[in-house]
Amino acid sequence: MRRVLQRAAATAGLLPVVLGLAAVPATAAPAAVPSAVRAVLPLVHFKHVRLPLSGTIAGTTENIAVTGTLDVRVRTLAGGNDIDVQVVSRLINTTGRGLTSGRTYRFVGTDTERTEVPPTPIRLTFNPTFLEFPPNPIIPPVPIVPPQPIKFLTLSVSLAGDGSIGAVAATVNGGGGGGGT
């Protein structure tokens, strides 16, 4: 990305500025960037949302009523023949109550998905992986079990043909709930 900008600056006659050899007066008009250079520059779009989560899931030992927040950051880089998409989802203060035992479970983690799609309107769907911690305290005869990977969300992202980001939504699998923007 840096080299693309340096090439654009050099083409526009700003090489001394890029190299730090010249100062541009505050009153100077910006140099026109040729249309051929503008066509090469990629378009970057970014969206950050926090979605409330609630629903019932099938945990590793029992059904669990989950509540919490999903922090989602979507970045697209559109240029050329494809759109590079990166989606980072992170659980915030997400806990659950066991429907049988009444014990408290914790869910933590961050999941990063990356894909490339053609430059057409599209809706992407991901199933991020997080960790389910067993309830605390552990009551005998229940064995001590390390955190288990769990996929209990469906995350969807809508993209336009230019890479701009539309709706971002999350649904708890196995029950109602989730949120979207």
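Along β4 of this predicted model, the side chains take alternate sides: Tyr105 and Phe107 point to one face and are buried, whereas Thr104, Arg106 and Val108 point to the other face and are not buried. This follows the general pattern, since in a regular strand the side chains alternate between the two faces of the sheet. Phe107 also belongs to the largest nonpolar core, a set of 30 residues in which Leu70, Val72, Phe107, Phe152 and Val168 touch the most other members. The elements that give two or more residues to this core are β1 (43–58), β2 (63–79), β3 (82–98), β4 (104–108), β6 (122–126), β9 (153–159) and β10 (165–172). The largest share, 6 residues, comes from β2.

For Val72, the contacts beyond four places in sequence are with Lys47, His48, Val49, Leu51, Val87, Val88, Ser89, Leu155 and Val168. One of these partners, Val168, is itself named among the core residues that touch the most other members.

**Strand pairing around β3 and β4**

Strand β3 pairs with β2 in the antiparallel sense over 15 bridges, and it is also joined to β5 (residues 110–117), again antiparallel, by 8 bridges. A further 4 bridges join β3 to β4, and these two strands run antiparallel as well. On its own account, β4 pairs with β7 (residues 130–133), in the antiparallel sense, over 3 bridges. The table gives individual residue pairs taken from these pairings.

| Residue | Stands opposite | Strand of the partner |
|---|---|---|
| Leu77 | Asp84 | β3 |
| Ile83 | Val117 | β5 |
| Arg97 | Thr104 | β4 |
| Thr94 | Phe107 | β4 |
| Phe107 | Glu132 | β7 |

Phe107 thus appears with two bridge partners, being the partner of Thr94 and standing opposite Glu132 in β7. The hairpin of β2 and β3 has 2 residues between the strands, and Gly80 there takes a positive phi near 75°. In the hairpin of β3 and β4, 5 residues lie between the strands, and Gly102 in the turn has a positive phi of about 75°.

**Three successive positions in β3**

Ile92 is placed in strand β3 and counts as buried because its relative accessible area is 16%, which falls under the 20% limit for that class. Not counting residues up to four places away in sequence, Ile92 touches Arg50, Gly68, Thr69 and Asp71. Its C-alpha atom is separated by 9.7 Å from that of Pro52, although the two residues are 40 residues apart along the chain.

Asn93 is also in strand β3, but it counts as exposed because its relative accessibility is 71%. Its phi is near 45°, a positive value in a residue other than glycine.

Thr94, likewise in strand β3, counts as buried because its relative accessibility is 3%. When neighbours within four places in sequence are left aside, Thr94 is in contact with Val66, Thr67, Gly68, Thr69, Arg106 and Phe107. Of these, Phe107 is also its bridge partner in β4. Gly68 and Thr69 are contacts of Thr94 and are found in the contact list of Ile92 too.

**Glu62 and the loop between β3 and β4**

Glu62 lies in the loop between β1 and β2. This residue is buried yet has no salt bridge, for the nearest side chain of opposite charge, that of Arg103, is 6.0 Å away, whereas a salt bridge calls for a separation within 4 Å. Polar partners are nevertheless present: the Glu62 side chain reaches the backbone nitrogen of Thr100 at 3.0 Å, and a polar contact of 2.6 Å joins it to the side chain of Ser101. Apart from neighbours within four places in sequence, Glu62 is in contact with Ile57, Gly98, Leu99, Thr100, Ser101 and Tyr105. Tyr105 in that list is one of the two β4 residues described above as pointing to one face and being buried.

Thr100, whose backbone nitrogen is reached by Glu62, is found in the loop between β3 and β4. In contrast to the buried Glu62, Thr100 counts as exposed because its relative accessibility is 73%. The C-alpha atoms of Thr100 and Thr61 are 9.7 Å apart in space, while the two residues are 39 residues apart in sequence.

Definitions and conventions: Residues are numbered from 1 along each chain as its sequence is written. This is a predicted model: local features need pLDDT of at least 70, side-chain atom pairs count only at pLDDT 80 or more; totals for chains, interfaces and linings use all residues. Side-chain values use heavy atoms; hydrogens and water are left out. A nonpolar core is a set of buried Ala, Val, Leu, Ile, Met, Phe, Trp, Tyr and Cys residues joined through side-chain atoms within 4.5 Å. Buried means under 20% relative accessible area, exposed over 50%, partly exposed in between (1.4 Å probe, protein chains only). Contact means heavy atoms within 4.5 Å. Two strands pair if DSSP finds at least two bridges between them. Lys and Arg count as positive and Asp and Glu as negative; His and the chain ends are not counted. A polar contact is a pair of N or O atoms within 3.5 Å; within protein, one must be able to donate a hydrogen and the other to accept it, and residues adjacent in sequence count only if both atoms are side-chain atoms.
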